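Here are my notes on this model, written as numbered points. Keep the picture open while you read, and look for each piece as it comes up.

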Amino acid sequence: MPSILHKAPLAQAALAALLALHAAGASAAEQVVKIGVSGPLSGANAFAGKDNENGVRLAVEELNAQKLQVGGNTIRFELQSEDDAGDPKQGVTVAQKFADAKVKFVLGPYNSGVAIPASRVYNDNGILMSTVGTNPKITQAGYPTVFRIVASDTQVGGSVAAYAARELKVKNIGVIDDRGAFGQGVAMEFKRQAQANGIRIAGHEYTNDKATDFAAILTSLKAKRVDAVFFGGYAPQAAPMARQMKALGLNVPLLGGDTLCSPEMAKLGGAAVGENVRCAQAGAIVAKQPGGQAFIDAYKARFKRDPDVYAPSFYDQTKFIAQAMKTANSLDPAKVGATMHAISYQGVVGTYGYDPKGNLKKTTVTVYTFKNGALTPLASY
């Protein structure tokens, strides 16, 4: 009789131990991977920062539904988004915050001026960084886990210069830049390649990324009889610039890089933004790519708005990182990065494949204009 009484507690203890082991196994079977997003969620470019974040969020939600297996575990991605305000110092602070939180994969920064100093922090902490910053300096350091997921200033500037010379027959152009890492970088590349295409630089004027009054510099360029203006900067300055060009009777094309290829241009510029604006954006036309329209439809269904310039690129790169994790069977950023250098990925923007410095091996650049407030493609290079 005593032996039977002792067996019952022993059986209960064994069952409890078995349940504990099962619970431990279940928790070990799911592994959380934090995905950081660094971008301007406040300030004039907040629209772009939120759009970038949305692109990553959509990819993360789709990946989690797939229940990817890496190293025998089911991976669950968690998005952590931080506001770098487009400011270099704040961007470095965000980078350190991600390092402290053990985030190993970061999408962003958006601004070249933020990406250049932040890339060192990410590299030093073994974090894989994927930026749309176009300044060539970002990848010149040769950090093995820093990737530029769009065309560089060299590629964008060259495409706009070629378009200006061949299609617009521009002979005499004025250049304006905002003295930021992106604006100055793309302006200098455009200027160099415009001259190589036989275009004369009538004047190079300067502003900043907080300015709203461009009357003085536009009047100066008008006096030099320019037949086009190239602006290195962002849509919140380019839109009022277009309005002021119209008010001054400077009825010539306003050219720029990818940051002008934003619905924000038409929203802020109104009737002053139309076929007079020509901009260049990396990648082919998303709606015409395999899976492109499906992405646009999914984005609109999820966020109740159209995607802006870079949401598709951030979406693609997030998916590429996940594919590289699966291929490498590892969550180690160094191994994932090495795999991304070795393989390619077909995204909604195009095919992603990286050279040893983290630049895209090949990318199409498309020149756009605006018709009835909508971005409309003109030519691809």
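1. Let's settle some words before we start. Two strands pair if DSSP finds at least two bridges between them. Helices (H or I, at least four residues) and strands (E, at least two) are DSSP runs, numbered from the N terminus. What you have here is a predicted model, where local features need pLDDT of at least 70, side-chain atom pairs count only at pLDDT 80 or more, and totals for chains, interfaces and linings use all residues. Residues are numbered from 1 along each chain as its sequence is written, and side-chain values use heavy atoms, with hydrogens and water left out.

2. Now the six-stranded sheet. This sheet is open, its pairing is mixed, and its strands come in the order 2-3-1-4-5-6. At the edges sit strand 2 (69-70) and strand 6 (146-148), each pairing on one side only. Inside the sheet, strand 1 (residues 30-39) and strand 4 (residues 105-107) run parallel and are joined by three bridges. To find that pairing on screen, look for Ile 35, which stands opposite Phe 105 in strand 4.

3. Which helices pack on this sheet? Helix 2 (residues 46-66) does, touching strand 1, strand 3 (73-83) and strand 4. Contact here means heavy atoms within 4.5 Å. The direction of helix 2 makes about 165 degrees with that of strand 3. Helix 12 (residues 311-328) packs on the sheet too, touching strand 1, strand 2, strand 3, strand 4, strand 5 (128-131) and strand 6. Its direction makes about 160 degrees with that of strand 4. For these angles, axes are lines fitted to C-alpha atoms, for helices over the stretch in contact, and the angles run from 0 to 180 degrees between N-to-C directions.

4. On to the seven-stranded sheet. This one is open with mixed pairing as well, in the order 8-7-9-10-11-14-15. Strand 8 (200-206) and strand 15 (374-380) are its edge strands, each pairing on one side only. From one strand to the next, the twist averages 25 degrees. Strand 14 (residues 365-371) runs antiparallel to strand 15, and six bridges join them. Thr 366 stands opposite Ser 380 in strand 15.

5. How many disulfides does a search of the whole structure find? The search finds one, counting a pair of cysteine sulfur atoms within 2.5 Å as a disulfide. The partners are Cys 261 and Cys 279, with their sulfur atoms 2.1 Å apart. The torsion about their S-S bond is about 120 degrees, so the disulfide is right-handed. Cys 261 lies in the loop between strand 10 (254-256) and helix 10 (263-269), while Cys 279 lies in strand 11 (residues 277-282), so the pair ties together parts that are 18 residues apart in sequence.

6. Next, the empty space. On a 1 Å grid over the protein atoms alone, a cavity is a set of points where a 1.4 Å probe fits but cannot get out, and a pocket is an open set with protein on both sides within 12 Å along at least five of seven lines; lining residues have an atom within 4 Å of a point. Grid points are joined across faces, edges and corners, and a volume is the space filled by probe spheres set on the points. The largest pocket has a volume of about 460 Å³. It is lined by 19 residues, and the closest to its centre are Pro 263, Ile 296, Pro 307, Asp 308 and Leu 375. Strand 15 gives the largest share of that lining, three residues. By class, the lining has 15 nonpolar, two polar and two charged residues. (Ala, Val, Leu, Ile, Met, Phe, Trp, Tyr, Cys and Pro count as nonpolar, Asp, Glu, Lys and Arg as charged, and the others, Gly among them, as polar.)

7. The second largest pocket holds about 380 Å³ of space. Of its 21 lining residues, Asn 45, Gly 86, Asn 111, Asp 209 and Lys 210 lie nearest its centre. Helix 4 (112-124) and helix 7 (181-196) are the elements that give two or more residues to this lining. The lining divides into eight nonpolar, nine polar and four charged residues.

8. Last, the cavities: there are three of 30 Å³ or more. The largest has a volume of about 60 Å³, and its lining includes Phe 47, Tyr 110 and Asp 308.
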